[in-house]
Amino acid sequence: MTKFYFLLACILNLPGVYASSPNLIWHQTYGISTDNQKVSVMAVDNYDNMFAAGYVNFGTNGNILVNEYDGLGHIKWNRIYNNTYPSGKPDQPVALFPDNQAGVTVVAYINTQAVLTHILRYDAS
């Protein structure tokens, strides 16, 4: 097994295996002054828009955050879904589906005693 790892390390370090390092196209940060926030899911649509969904905590209640960025990394819009079920735990987006009209659907679960699933749909505006 040691020979395999050595051979793999040699192959990965061969000159010319990687033509060049990828160039950073854009970098974006988004933050709300809170205790806790996290991106859970991301997707890119056919129009080069990127969607990111996660949660942001305001005190003891976690809320779903959805952002849309254009192809250059500029934020187009953001939405915060504030559920009415205080649980003390963050709500979790688990899937994100862009459509062919620049909209997005987010599937999330809400942490309560009985786990609730939410489907959020946002249009292009």
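**Exercise 1. How do the residues of the lining of the largest pocket divide into nonpolar, polar and charged?**

Solution. The structure shown here is a predicted model, and the pocket in question holds about 250 Å³ of space. Of the 16 residues that line this pocket, the closest to its centre are Tyr30, Val39, Ala52, Asn67 and Tyr69. Sorting the lining by residue type gives ten nonpolar residues, five polar ones and one charged one. As a last step, assign the lining to secondary structure: strands β1 (36-44), β2 (50-58) and β3 (61-69) each supply at least two residues, and β2 gives the most, with five.

**Exercise 2. Decide whether Val39 is buried, partly exposed or exposed, and describe its surroundings.**

Solution. Begin with the position of the residue, since Val39 lies in strand β1 and is among the residues closest to the centre of the largest pocket. Its relative accessible area is 49%; because the partly exposed class ends at 50%, above which a residue counts as exposed, Val39 is partly exposed. Next, look for its partners: leaving aside neighbours within four places in sequence, Val39 is in contact with Ala52, Ala53 and Gly54. Finally, consider Tyr55, which is 16 residues from Val39 along the chain, while the C-alpha atoms of the two are separated by 6.6 Å.

**Exercise 3. Find the residues with the most contacts inside the largest nonpolar core, and trace which elements build this core.**

Solution. The core has 14 residues, and those with the most contacts inside it are Val66 and Leu96. Two or more residues come from each of β1, β2, β3, β6 (104-110) and β7 (116-122), with β6 giving the most, four residues. Taking Leu96 as the worked case, and again leaving aside neighbours within four places in sequence, one finds it in contact with Val41, Met42, Ala43, Phe51, Ala52, Ala53, Val104, Thr105 and Val106.

**Exercise 4. Establish where in the protein confidence is lowest and where it is highest.**

Solution. Start from the whole protein, which averages a pLDDT of 74, with 66% of the residues scoring at least 70. Going element by element, helix α1 (residues 2-12) has the lowest confidence, at a mean of 40, whereas strand β5 (residues 92-98) has the highest, at 89. Over residues 1-14 the pLDDT is below 50, and this stretch has two contacts in the model beyond near neighbours in sequence. Where pLDDT is low, predicted coordinates should not be read in detail.

Technical notes: Residues are numbered from 1 along each chain as its sequence is written. This is a predicted model: local features need pLDDT of at least 70, side-chain atom pairs count only at pLDDT 80 or more; totals for chains, interfaces and linings use all residues. Side-chain values use heavy atoms; hydrogens and water are left out. On a 1 Å grid over the protein atoms alone, a cavity is a set of points where a 1.4 Å probe fits but cannot get out, and a pocket is an open set with protein on both sides within 12 Å along at least five of seven lines; lining residues have an atom within 4 Å of a point. Grid points are joined across faces, edges and corners, and a volume is the space filled by probe spheres set on the points. Ala, Val, Leu, Ile, Met, Phe, Trp, Tyr, Cys and Pro count as nonpolar, Asp, Glu, Lys and Arg as charged, and the others, Gly among them, as polar. pLDDT is the predictor's confidence in each residue, from 0 to 100. Contact means heavy atoms within 4.5 Å. A nonpolar core is a set of buried Ala, Val, Leu, Ile, Met, Phe, Trp, Tyr and Cys residues joined through side-chain atoms within 4.5 Å. Buried means under 20% relative accessible area, exposed over 50%, partly exposed in between (1.4 Å probe, protein chains only).
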